[in-house]
Amino acid sequence: MAYKIKFGTDGWRGVIAEDYTFDNLRRCAQGFASYMLSQGKQGQWIVVGHDKRFSSEHFAAAVAEVLAGNGLKVYLTDGATPTPVIAYAVVDKKAAGAVNITASHNPPTDNGFKVRNETGGAIDPEGLLQIESSIPDDVKDVKRKAYKEAEAAGEIVKFDAATPYIEHLTRDGLIDLQPIKDAGLTVVVDAMWGNGAGWFTRLLEGGKTKVIEIHNTRNPSFPEMKRPEPIRPNIDVGLKTTVDNKADVLLITDGDADRCGVGDENGEFINQLRVYALLAYYLLEVRGERGDIVKTLSTTGMLNKLGELYGVPVHETGVGFKYVAPKMTETNALIGGEESGGYAFRGNVPERDGILGGLYMLDFMVKTGKKPTELLKDLFAKVGGEYFYDRVDSAFIGDRSAREKMILDAKPATLGGLKVTDLITVDGFQFKLEDGGWMLIRFSGTEPIMRVYCETRHQDKVQAILQDGLKVAGIK
């Protein structure tokens with residue numbers, strides 16, 4: 001029986017040489033090609049890019065062969081390229097979509113297959129189902145054209161995606177780099193052995209600001225971290241480097257540089273929910289912009305508060321940019337994001353952008369003359385106090401439907417001593433709490449993991465809420 005390829009929160013991911021094989025990859029590429037042809041994209045261009053994981057460039061070339069074999073033309077990046085840069089290339093090249101070979105923040109054993117539409121944003125859930133249904137069971141049903149033959153015919157063309165993206169940042173008014181260059185900041189950048197390596201150095205060179213990069217070469221085993229995900233303990237070396245160099249801030253990009261993490265001047269991690277609120281606050285307060293906010297249900301209530309204060313609508317979606325990106329496009333949103341540390345911005349493509357997110361944090365510091373800790377204090381003063389967050393991940397292999405029924409039937413009256421006021425089942429199981437906080441249980445869409453998250457106004461209740469959540473989930 002053929003291995004069943006399923007698209008999760010963001011594309012298909014698998015273990016290299018186990019289920020992520022060249023044959024299965026080609027089957028997946030055929031499904032995408034068939035979908036594109038069904039959408040009337042015959043003869044159009046597709047951007048194909050990749051990250052620095054094991055053999056990613058060879059997997060990308062294999063995808064290019066399949067697309068060319070189906071009568072599509074391919075712009076293939078000339079090296080490992082950040083996901084947001086690949087996404088912008090779709091718009092810049094007026095392409096019909098993109099395939100990105102990356103497993104983002106997954107462990108080193110994995111690789112992945114992300115797809116994007118003509119906006120550079122994620123394809124919606126309905127489109128993903130169509131792609132899945134178009135994947136042939138047998139690799140013999142895959143159409144391919146030899147790489148050299150397709151290249152000679154001009155059907156596979158290598159290109160530089162970096163230069164147009166950099167020009168876009170400044171030309172389209174997204175960011176003025178000169179004040180950041182002139183500010184004399186010391187910025188530590190942890191590229192997590194991924195695609196963000198060299199980018200902040202390139203963008204900010206030539207001024208008084210100093211950029212110190214770590215983990216900025218290719219090493220698919222990701223030493224000094226469990227995985228290239230911008231949360232602790234993966235970023236502990238970066239936090240220590242910040243303190244050792246008396247730096248003003250730590251910026252972190254994940255494996256494919258679509259996520260942004262931040263550490264403050266004291267070497268303390270600023271969790272991704274707080275970073276999202278800071279970025280929204282920066283756009284609304286410092287830049288004076290207005291527009292809708294799109295958030296997944298696993299992100300912070302501070303966004304709802306900011307929406308009220310600045311008179312902008314806040315839309316809540318399921319987890320994943322397959323929900324966020326279409327909603328951003330529909331509403332011309334100012335900002336969209338999720339709990340993982342992925343944030344997208346108006347004027348750019350509807351895709352997470354760890355590079356632009358990092359630049360916005362620097363611009364926030366420069367425009368206000370404040371350190372990250374001071375910016376957080378300002379944010380908390382604005383939204384009426386601190387919000388506290390944490391997450392626990394637990395391996396899960398078993399009957400998912402039975403576990404979901406158990407969670408649904410649990411009906412806890414309290415969590416961590418706080419009264420449960422509502423249950424939302426848009427994506428997983430979100431228990432609303434009396435203090436305006438929440439606890440969420442959901443199954444990962446990219447790994448065999450069950451996640452329990454919470455946000456509360458009570459720091460002393462975070463762990464108690466999570467422990468009660470684990471019990472509801474049947475983990476403890």
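A cavity is here a set of points, on a 1 Å grid over the protein atoms alone, where a 1.4 Å probe fits but cannot get out, and its lining residues have an atom within 4 Å of a point. The model is predicted: local features need pLDDT of at least 70 and side-chain atom pairs pLDDT 80 or more, whereas totals for chains, interfaces and linings use all residues. Residues are numbered from 1 along each chain as its sequence is written, and side-chain values use heavy atoms, without hydrogens and water.

Four cavities of 30 Å³ or more occur in the structure. The largest cavity holds about 200 Å³, a volume being the space filled by probe spheres set on the points. Its lining comprises 21 residues, of which T9, R259, V319, S340 and R451 lie nearest the centre.

Helix α11 spans residues 302-310 (helices are DSSP runs of H or I, at least four residues; strands are runs of E, at least two). Its buried residues (under 20% relative accessible area, 1.4 Å probe, protein chains only) are M302, L303, L306, G307 and Y310. Because these buried residues fall within an arc of 145 degrees seen down the axis, they line one face of α11; the arc is that of the directions from the helix axis to the C-beta atoms. Among the elements covering them are α10, β12, β13, α14 and β21, where contact means heavy atoms within 4.5 Å. G311, which follows α11, has a positive phi near 70 degrees.

Both β12 and β13 also belong to an open, mixed sheet of four strands, ordered β13-β12-β14-β15; strands pair if DSSP finds at least two bridges between them. The edge strands, β13 and β15, each pair on one side only. Within the sheet, β12 and β14 run parallel and are joined by three bridges; I293 has I335 of β14 as its bridge partner.

Key. Buried means under 20% relative accessible area, exposed over 50%, partly exposed in between (1.4 Å probe, protein chains only). On a 1 Å grid over the protein atoms alone, a cavity is a set of points where a 1.4 Å probe fits but cannot get out, and a pocket is an open set with protein on both sides within 12 Å along at least five of seven lines; lining residues have an atom within 4 Å of a point.
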